[in-house]
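Student: I would like a close look at one part of this model. Please take the salt bridges and the helix contacts beside them, residue by residue.

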Amino acid sequence: MAPETNAAAMVTCQVCAKQPPKYRCPRCQVRYCSLTCFKQHKANTCETQVQEQTQVQSGSAAAAQQEDAVAMETWDAGIDEDEEDRVPLERLQKLQDSEELQHLLWNPHLRGVIREVDSSDDPEVTLRRAMQEPLFVEFVDQCLKVIEPKPNGTEQG
């Protein structure tokens with residue numbers, strides 16, 4: 001029997017072409033597998049493509065491209081237009097110090113679910129499905145406890 005060919009399994013990183021991609025460039029949607037590939041892509045290909053596209057385009061298309069470039073710079077700088085929903089960096093950094101999260105992340109099934117959500121082409125649907133997994137819900141609850149601690153031991157609604 002011939003092995004099945006799965007189109008998703010055949011996709012590789014568009015930078016190194018060695019590994020399956022886990023991430024997508026927010027500016028140009030190129031898929032990459034690691035931080036190293038992202039840095040290489042951003043420094044070489046992505047910046048050049050954006051500059052060339054901006055020079056070729058005119059009128060409203062050029063304005064839209066410029067808006068995208070500004071949005072990417074904002075994303076790079078960690079600045080979000082909607083500050084109300086943004087978690088400050090110092091609180092996010094507390095996640096790495098949480099012993100409870102570290103313990104949960106030893107579970108290979110949980111790591112697989114997180115990878116699936118992170119690399120999904122439709123993360124909203126994948127996240128909804130992941131929220132049906134009790135272990136993932138426990139992980140999310142623990143993340144929220146770390147970044148949004150209960151004031152003076154009172155219950156959060």
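Tutor: What follows goes through the salt bridges and then one helix residue. Keep in mind that the model is predicted. A search of the whole structure finds 4 salt bridges.

Start with D121. Its side chain meets that of R24 in a salt bridge, at 2.5 Å from N to O. D121 sits in the loop between α6 (108-119) and α7, and R24 in strand β1 (residues 23-24), so the pair ties together parts that are 97 residues apart in sequence. D121 also forms a salt bridge with R31, at 3.5 Å from N to O. R31 belongs to strand β2 (residues 31-32), and this pair links parts of the chain 90 residues apart.

The burial differs along this set. D121 counts as exposed because its relative accessibility is 58%, over the 50% cut-off. R24 is partly exposed at 34%. R31 is buried at 17%.

Next, R129 and E116. Their closest N and O atoms are 3.2 Å apart in a salt bridge. R129 lies in helix α7 and E116 in helix α6, so the pair ties together parts 13 residues apart in sequence. R129 is partly exposed, with a relative accessible area of 47%. E116 is partly exposed too, at 41%. As for shared partners, salt bridges join R24, R31 and D121 into one network.

Now T126, in helix α7 (residues 123-130). T126 is buried because its relative accessible area is 6%, under the 20% cut-off. Leaving out residues up to four places away in sequence, T126 touches E116, V117 and S120. With S120, the side chain of T126 makes a polar contact of 2.6 Å.

Conventions:
Residues numbered from 1 in each chain as written. Predicted model: local features only at pLDDT ≥ 70, side-chain atom pairs only at ≥ 80, totals over all residues. Heavy atoms only, no water. Helix = DSSP H or I, 4+ residues; strand = E, 2+ residues; numbered from the N terminus. Buried < 20%, exposed > 50% of the residue type's maximum accessible area, 1.4 Å probe, protein only. Polar contact = N/O pair within 3.5 Å; in protein donor to acceptor, adjacent residues only side chain to side chain. Contact = heavy atoms within 4.5 Å.
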